[in-house]
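Please open the structure in a viewer and keep the sequence panel visible. The tour below proceeds by selection, with a short account of what is found at each stop.

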Amino acid sequence: EYGNAVCWGGQSFEEGCNKIFDPTTGLYNAQDLAGQPLDRSPEYTATFGADYEWPIFSGNVIARISSTLYYSDDYSTSLIKRSDVFQDSYTKTNLSFSLSSADDAWSIALIGNNINDELTTGTCNPSATEAGVFFSDSSYGFMEPDTSYAQEDELVCTPDSGREIWLELTLRPAILFGK
């Protein structure tokens with residue numbers, strides 16, 4: 001249940017901004033979002049991973065390859081009920097290849113995260129930033145649309161990381177030089 005959620009800028013009475021009337025402005029400033037899906041909660045997700053390792057150089061070095069595949073169904077990135085707050089379904093792939101000593105005293109790895117460069121977002125929030133950050137004016141809860149002041153808020157979205165390629169070197173001095 002979420003009976004008194006804040007309205008977004010530009011949301012009209014007909015669009016659901018019809019709770020908690022403010023007599024000083026003559027506008028409503030809340031909406032009922034009960035029963036709406038939570039943000040960032042896809043209906044389906046799946047993760048599949050596989051690792052394989054084998055000895056090389058007479059067993060003194062271990063080679064490893066790893067892969068992870070992550071799938072997410074589409075989901076809402078915000079609690080607001082707007083059509084532009086949905087993240088489409090996507091698949092991300094991670095791969096890595098590493099070499100390490102048999103006693104794990106050192107390792108070097110090439111790691112690729114999100115190698116298919118799937119650009120996604122986890123959260124979007126409405127913000128009346130068109131007029132500026134400090135002096136923005138967001139109007140909502142009006143009974144009849146008045147385009148002179150009621151404008152739909154822009155979305156400020158936080159992107160997830162795109163493709164990342166890392167080179168990792170690990171040294172364990174306690175093993176390398178003894179305790």
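The stops cover a sheet, the disulfides and an aromatic cluster.

The model is predicted, and the residue numbers to enter count from 1 along the chain as its sequence is written.

**Stop 1: the three-stranded sheet**

Select residues 5-6 for β1 and residues 19-22 for β2, then add residues 27-31 for β3. Together they make an open sheet of 3 strands in the order β1-β3-β2, and the pairing is antiparallel. Which strands lie at the edges? They are β1 and β2, each of which pairs on one side only.

Now restrict the view to β1 and β3. These two strands pair in the antiparallel sense over 2 bridges. To inspect this pairing at residue level, display Ala 5, which stands opposite Gln 31 in β3. In general, strands of a sheet pair through backbone hydrogen bonds.

**Stop 2: the disulfide of Cys 7 and Cys 17**

Show the cysteine side chains next. How many disulfides does the structure hold? There are 2, and with bonded cysteines counted along the chain they follow the pattern 1-2, 3-4.

Begin with Cys 7 and Cys 17, which are joined by a disulfide with an S to S distance of 2.0 Å. This link is right-handed, with 100 degrees about the S-S bond. Both cysteines lie in the loop between β1 and β2, so the pair ties together parts that are 10 residues apart in sequence. Are Cys 7 and Cys 17 buried or exposed? Both are buried.

**Stop 3: the disulfide of Cys 124 and Cys 157**

Move to Cys 124 and Cys 157, where a disulfide again shows an S to S distance of 2.0 Å. Cys 124 belongs to strand β10 (residues 121-127) and Cys 157 to strand β11 (residues 154-159); the pair links distant parts of the chain, 33 residues apart. The torsion about the S-S bond is about 110 degrees, so this disulfide is right-handed.

Colour the two residues by accessibility to examine their surroundings. Cys 124 has 3% relative accessibility and therefore counts as buried. For Cys 157 the value is 37%, so Cys 157 counts as partly exposed.

**Stop 4: the aromatic cluster**

Finally, select Phe 13, Phe 21 and Tyr 28, and display their rings. These residues form one aromatic cluster. Phe 21 falls within the range of β2 (19-22), while Tyr 28 falls within that of β3 (residues 27-31). A search of the whole structure finds 4 aromatic pairs.

Terms used
This is a predicted model: local features need pLDDT of at least 70, side-chain atom pairs count only at pLDDT 80 or more; totals for chains, interfaces and linings use all residues. Side-chain values use heavy atoms; hydrogens and water are left out. Rings of Phe, Tyr and Trp (its six-membered ring) pair if their centres lie within 6.5 Å; planes under 30 degrees apart count as stacked, over 60 as edge-to-face and the rest as tilted. A disulfide is a pair of cysteine sulfur atoms within 2.5 Å. Helices (H or I, at least four residues) and strands (E, at least two) are DSSP runs, numbered from the N terminus. Buried means under 20% relative accessible area, exposed over 50%, partly exposed in between (1.4 Å probe, protein chains only). Two strands pair if DSSP finds at least two bridges between them.
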